[in-house]
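Work through the exercises below with the sequence and the 3D view open. Try each task before you read its solution.

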Amino acid sequence: MPLRFDAHVSTAETDYGTVLLDERGGTYWELNPTATLVVRALLDGGEAADAAAALVREFDIEPTRALRDVEALVGDLRAAGLTS
């Protein structure tokens, strides 16, 4: 499940996570540090399991919950038309 933002999405990392701009409508999205960790893992070519493992290492949460969270985030990004 490697992730790629669509061409109409600009990104900027901040001290508080990542900001996404959907240039089609001027809508901004702010990803918190947790979501940024997931997105980085997937943008680097990782699979959902790799992103979930990064969450487990960083936040000491259950692997099944981490995987659910990764899948939910990716689903939200896709539903918003930001990723393919």
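**Exercise 1: The end of the chain**

Task: find which residues Thr-83 is in contact with, leaving aside its neighbours within four places in sequence.

Solution. Start with the rule: contact means heavy atoms within 4.5 Å. Thr-83 then touches Leu-3, Arg-4, Phe-5, Asp-6, Leu-77 and Arg-78. Next, place the residue. Thr-83 sits in the segment after helix 3. Helices (H or I, at least four residues) and strands (E, at least two) are DSSP runs, numbered from the N terminus. Last, check its cover. Thr-83 has a relative accessible area of 7%, so it is buried. Buried means under 20% relative accessible area, exposed over 50%, and partly exposed in between (1.4 Å probe, protein chains only).

A word on the source. This is a predicted model, with residues numbered from 1 along each chain as its sequence is written. Local features need pLDDT of at least 70, side-chain atom pairs count only at pLDDT 80 or more, totals for chains, interfaces and linings use all residues, and side-chain values use heavy atoms, with hydrogens and water left out.

**Exercise 2: The overall build**

Task: list the secondary structure of the chain and its order along the sequence.

Solution. Count the elements: three helices and three strands. Then read along the sequence: the pattern is β-β-β-α-α-α. The radius of gyration is 12 Å, close to the 12 Å from the globule rule for 84 residues, so the chain is as compact as a globular protein of that length. That radius is taken over C-alpha atoms, and the rule is 2.2 Å times the number of residues to the power 0.38. Along the principal axes, the C-alpha atoms fill a box of roughly 35 × 25 × 20 Å. Of the 84 residues, 33% are buried.

**Exercise 3: Pairing the strands**

Task: work out how strand 1, strand 2 and strand 3 pair.

Solution. Two strands pair if DSSP finds at least two bridges between them. Take strand 1 (residues 9-14) and strand 2 (residues 17-22): they pair in the antiparallel sense over six bridges. They form a hairpin with two residues between them. Now find partners. Thr-11 stands opposite Leu-20, and Glu-13 has Thr-18 as its bridge partner.

Move on to strand 3 (residues 27-31). Five bridges join it to strand 2, and the two run antiparallel. Leu-20 faces Trp-29 here, while Val-19 stands opposite Glu-30. This hairpin has four residues between its strands. Gly-26 in the turn has a positive phi of about 75°.

**Exercise 4: Two valines**

Task: decide whether Val-9 and Val-74 are buried or exposed.

Solution. Begin with Val-9, in strand 1. Its relative accessible area is 10%, so Val-9 is buried. Beyond its neighbours within four places in sequence, Val-9 is in contact with Leu-20, Leu-21 and Leu-82. The C-alpha atoms of Val-9 and Val-38 are 17 Å apart, with their positions 29 residues apart along the chain.

Then take Val-74, in helix 3 (residues 63-79). At 3% relative accessibility, Val-74 is buried too. Val-74 and Ala-48 are 26 residues apart along the chain, and 9.0 Å separates their C-alpha atoms.

**Exercise 5: An unusual angle**

Task: say where Asp-60 lies and what sign its phi has.

Solution. Locate it first: Asp-60 is in the loop between helix 2 (48-59) and helix 3. Its phi is positive, about 50°, although Asp-60 is not a glycine. Most residues other than glycine have a negative phi. Finally, Asp-60 has 68% relative accessibility, so it counts as exposed.

**Exercise 6: Charge and surface**

Task: how many positive and negative side chains does the chain have?

Solution. Lys and Arg count as positive, Asp and Glu as negative; His and the chain ends are not counted. The chain has 7 positive and 15 negative side chains. Place each charge at NZ of Lys, CZ of Arg, CG of Asp or CD of Glu. The centres of the two sets then lie 3 Å apart.
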